[in-house]
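Me: I want to go over the charged pairs in this protein. Can you take me through them?

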Amino acid sequence: MTMHTRSLGTTGPQVSALGLGCMGMTALYGDADPSESIATVHAALEAGVTLLDTGDFYGMGSNELLIGEALRTTPPARREQALTSVKFGALRDPAGNWTGYDGRPAAVKNFAAYSLQRLGVDHIDVYRLARLDPAVPIEETVGAVAELVEQGYVRHIGLSEVGADTIRRAAATAPITDLQIEYSLISRGIERAVLPTTRELGIAITAYGVLSRGLISGHFTADRQLPATDFRAHAPRFQGENLRHNLDLVEELRKIAEHKGVSVAQIAIAWVLAQGRDIVPLVGARTRERLAESLGALDVTLDAADLAAIERAVPATAAAGDRYPAAQMAHLEP
């Protein structure tokens with residue numbers, strides 16, 4: 001395995017070709033083992049992964065605390081190579097319900113203060129609003145992050161799950177490094193307007209959900225029972241006929257993977273890698289075993305015939321069901 005690097009846009013840092021999305025280590029996908037999660041972060045850093053992605057609302061701050069512990073207990077050289085990507089602004093109540101988003105400048109600085117403390121760092125490498133706050137112009141939110149950049153608390157400004165118009169407005173306010181957004185074989189909406197816009201403006205994509213929350217990993221089965229605390233128990237793509245249809249797509253993808261002698265997850269991640277050097281896939285591995293499988297995608301080369309076969313097996317609009325429940329879809333820009 002060779003860990004190549006990619007640039008986060010024209011204004012951002014060099015990062016590893018794959019990043020590690022850490023959300024599932026503390027939240028939304030059922031129980032996780034903190035010791036194994038920390039070991040997985042350590043293994044990722046040892047393998048050359050540099051980008052660690054989190055959100056201050058993942059596990060009500062516990063995800064940042066976990067990453068902080070992982071950074072504190074890794075060798076100094078690896079700690080120095082780690083780049084933190086943090087989302088802020090999502091509001092929750094004590095019961096864990098989602099109650100909206102806050103992009104006010106004063107709130108931005110408050111969120112940052114707590115994240116710096118929990119992570120145990122003196123700066124955040126990429127800082128981004130998790131979802132657009134409809135009550136606050138994006139210029140005001142990005143302007144507040146730009147002030148944090150000037151003060152040395154943040155290195156680069158990112159965006160998350162916004163549309164082309166918001167991207168342009170944000171980029172006119174301050175340099176934007178990357179847009180974090182869902183992108184996978186079965187979530188390709190960004191190809192219509194968002195991806196052309198980011199490429200025009202020199203903004204990179206950090207792609208989350210590259211295995212669609214495990215749906216196209218090759219490991220998910222129709223009879224799997226999910227606890228109510230698992231996001232997927234309520235996600236449309238994992239329900240009834242939608243699930244059966246989507247798993248049929250996975251079986252078509254499995255034929256291509258087996259022909260190449262790789263796993264379904266590796267072919268799915270390799271497909272995202274093949275879409276352009278301005279795209280950095282975030283893999284949501286919670287264990288060292290799954291991390292090793294994901295890193296194996298770096299050794300998978302897809303030629304034109306492979307890509308055409310994948311397109312036939314899983315066309316752009318083939319997935320059944322939205323990627324979020326209706327209430328959450330309402331917060332996403334087209």
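What follows is a short exchange on salt bridges in this predicted model.

Me: How many salt bridges are there?
Reply: The count comes to 20 salt bridges.

Me: Start with E147. Which residue does E147 form a salt bridge with?
Reply: E147 pairs with K109, and their closest N and O atoms are 2.4 Å apart.

Me: Where do the two lie in the chain?
Reply: E147 is in helix 5 (residues 138–150) and K109 is in helix 4 (residues 105–119), so the salt bridge ties together parts that are 38 residues apart in sequence.

Me: Is E147 buried or exposed?
Reply: E147 is partly exposed, because its relative accessibility is 34%. K109 is also partly exposed, with a relative accessible area of 32%.

Me: OK, next one. What does R128 pair with?
Reply: R128 forms a salt bridge with D178, with 3.1 Å between the closest N and O atoms. The pair links distant parts of the chain, as R128 sits in strand 8 (residues 124–129) and D178 in strand 10 (residues 176–182), 50 residues apart.

Me: Are R128 and D178 buried or exposed?
Reply: Both R128 and D178 are buried.

Me: And E191, what is its partner?
Reply: E191 has a salt bridge to R188, the closest N and O atoms being 3.0 Å apart. At 12% relative accessible area R188 is buried, whereas E191 is partly exposed at 27%.

Me: Different topic: networks. Which residues are linked in a network of salt bridges?
Reply: E161, E182, R213 and R323 are linked in one.

Notes
Residues numbered from 1 in each chain as written. Predicted model: local features only at pLDDT ≥ 70, side-chain atom pairs only at ≥ 80, totals over all residues. Heavy atoms only, no water. Salt bridge = Lys/Arg side-chain N within 4 Å of Asp/Glu carboxyl O. Helix = DSSP H or I, 4+ residues; strand = E, 2+ residues; numbered from the N terminus. Buried < 20%, exposed > 50% of the residue type's maximum accessible area, 1.4 Å probe, protein only.
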